[in-house]
Amino acid sequence: MDKPHQAMPDIEILPAHFPIPGMGFLAVNAFVIKAREPVLVDTGMGIESEEFMKALESVIDPQDLRWVWLTHDDADHTGNIQRILEAAPSARLAANSLAVLRMSTSWPVPMHRVYWLNSGDSISVGDRNLTAVRPPMFDNPTTIGIYDNKSEAFFSADCFGAIIPSPAGNADDLTERDLAQGMISWESADSPWVHMVKPNEFNQTLDRIRQLAPKMIFSAHLPPARGKIEQFLKLLATVPTSTPFVTPNQTALEQILAQMKGGS
Ligand SMILES: [Fe+2]
Ligand SMILES: [Fe+2]
């Protein structure tokens with residue numbers, strides 16, 4: 001885990017980064033929205049459970065949480081979900097119904113605490129409304145991002161992620177070239193279906209986010225980005241016709257293992 005910090009007056013980021021051998025790093029962020037009914041967005045990685053709980057406790061007493069919003073049920077977002085629901089007995093679990101169904105195959109989800117959301121549905125958390133918005137790119141059918149009408153921030157789940165050369169605290173710390181290359185390759189790798197869509201139709205989904213005009217983007221896989229939505233949407237528009245990402249094969253794995261052995 002990296003050090004938690006305040007990204008907006010009432011939004012804390014719980015950042016981590018995950019090394020991608022031979023390519024760089026991927027941010028893995030969770031967030032706390034300090035609404036009147038406080039919300040945790042995603043629950044970090046299970047591999048650093050202790051650190052995640054400490055980071056969370058450094059910004060809020062988990063007992064004060066009223067909501068845990070899962071953007072989707074991938075492991076890098078659900079790593080500490082059971083632990084958090086125990087530590088936060090007053091919190092309800094906001095998620096897509098399919099995410100709850102899928103998680104129920106591996107642990108007993110307390111259904112009486114669940115709140116099912118589809119894209120377009122909203123919850124009031126006291127001082128603001130949080131609306132479920134499916135981001136234009138996603139790697140999981142249960143994905144629901146969040147538009148927060150008070151902070152005008154969009155929590156975009158995996159969308160707008162990027163593989164970056166070194167961990168960074170803010171998207172402004174990245175060069176435009178690193179950001180563009182990192183985001184295009186991440187989106188192609190994470191959402192390979194994008195190469196099958198018609199660019200014109202895809203652009204309509206980008207326009208829906210353009211109309212939302214979020215001032216801040218909180219991706220799970222990018223440092224926080226202020227005032228960059230137009231730049232990001234233009235990058236995403238290029239992904240359907242970009243060169244598809246090819247995942248490393250066994251030859252690459254053997255090279256990585258040989259490098260690790262050489263370095264040890
Ligand atoms: Fe994902
Ligand atoms: Fe993810």
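Two strands are said to pair here if DSSP finds at least two bridges between them. With that in hand, let us walk through this predicted model, beginning with a small sheet and ending at the metal site.

Take strand β4 as the starting point. Within β14, Phe-25 has Ile-164 as its bridge partner. This contact belongs to an antiparallel pairing in which two bridges join β4 to β14, a strand of residues 163-164. β4 itself covers residues 24-27 and also pairs with β3, residues 17-20, in the antiparallel sense over four bridges. Two of the residue pairs can be followed by eye: His-17 is matched with Ala-27 of β4, and Phe-18 is matched with Leu-26 of β4. The link between β3 and β4 is a hairpin with three residues between the strands, and Gly-22 in its turn has a positive phi of about 80°.

Put together, these pieces make an open sheet of three strands in the order β3-β4-β14, with antiparallel pairing. Because β3 and β14 stand at the edges, each with a single partner strand, one side of each is left without a neighbour in the sheet. As general background, strands of a sheet pair through backbone hydrogen bonds, either parallel or antiparallel.

Next, step back towards the N terminus, to β1 and β2. β1 (residues 5-8) runs antiparallel to β2, and three bridges join them. Here too there is a hairpin, with two residues between the strands, and Gln-6 finds its bridge partner in Glu-12 of β2. β2 also pairs with β5, in the antiparallel sense and over four bridges. One place to look is Ile-11, whose bridge partner in β5 is Ile-33.

The side chains of β2 (residues 11-14) deserve a moment. In general, side chains in a regular strand alternate between the two faces of the sheet. In β2, Ile-11 and Ile-13 point one way while Glu-12 and Leu-14 point the other, and all are buried.

Leu-14 leads us on to the interior. The largest nonpolar core has 26 residues, and Leu-14 is among those with the most contacts inside it, along with Leu-40, Leu-56, Val-68 and Leu-93. At least two residues of this core come from each of β5 (30-33), α1 (49-59), α3 (81-87), β8 (92-95) and α4 (97-103). Of the contributors, α1 gives the most, with five residues. Nonpolar side chains tend to be buried together in soluble globular proteins.

The model also has one cavity of 30 Å³ or more. The volume of this largest cavity is about 40 Å³. Its lining includes Asn-29, Phe-31, Val-41, Asp-42 and Thr-71, as well as Phe-155, Ser-156, Ala-157, Phe-218 and Ala-220. Sorted by class, the lining has six nonpolar, three polar and one charged residues.

Among the lining residues, Asp-42 has a further feature of interest. Its phi is near 70°, a positive value in a residue other than glycine. Asp-42 sits in the loop between β6 (39-41) and α1, and because its relative accessibility is 2%, this residue counts as buried. Another positive phi in a residue that is not a glycine, about 50°, is found at Ala-213. That residue lies in the loop between α6 (199-212) and β15 (216-218). Ala-213 is partly exposed, with a relative accessible area of 40%.

Finally, turn to the metals. Which protein residues are donors to the iron ion (ligand 1)? They are His-72 through NE2, and Asp-74, Asp-139 and Asp-158 through OD atoms, with Asp-139 listed twice; the donors lie 2.0 to 2.4 Å from the ion. Along the sequence, the donor residues follow the spacing H-x1-D-x64-D-x18-D. His-72 lies in the loop between β7 (67-69) and α2 (75-78), and Asp-139 in the loop between β11 (129-133) and β12 (145-148), so the pair ties together parts that are 67 residues apart in sequence. Are these two donors buried or partly exposed? His-72 counts as buried, at 0% relative accessibility, whereas Asp-139, at 30%, counts as partly exposed. A second iron ion (ligand 2) is 3.5 Å from the iron ion (ligand 1), and Asp-158 coordinates both.

How values were computed
Residues numbered from 1 in each chain as written. Chains lettered and ligands numbered in written order. Heavy atoms only, no water. Donors = N, O, S within 2.8 Å, 3.2 Å for Na, K, Ca; no water. Buried < 20%, exposed > 50% of the residue type's maximum accessible area, 1.4 Å probe, protein only. 1 Å grid on protein atoms, 1.4 Å probe; cavity = no way out; pocket = protein on both sides within 12 Å on 5 of 7 lines; lining within 4 Å. Points joined across faces, edges and corners; volume = space filled by probe spheres on them. Nonpolar A, V, L, I, M, F, W, Y, C, P; charged D, E, K, R; others polar. Core = buried A, V, L, I, M, F, W, Y, C linked by side-chain atoms within 4.5 Å.
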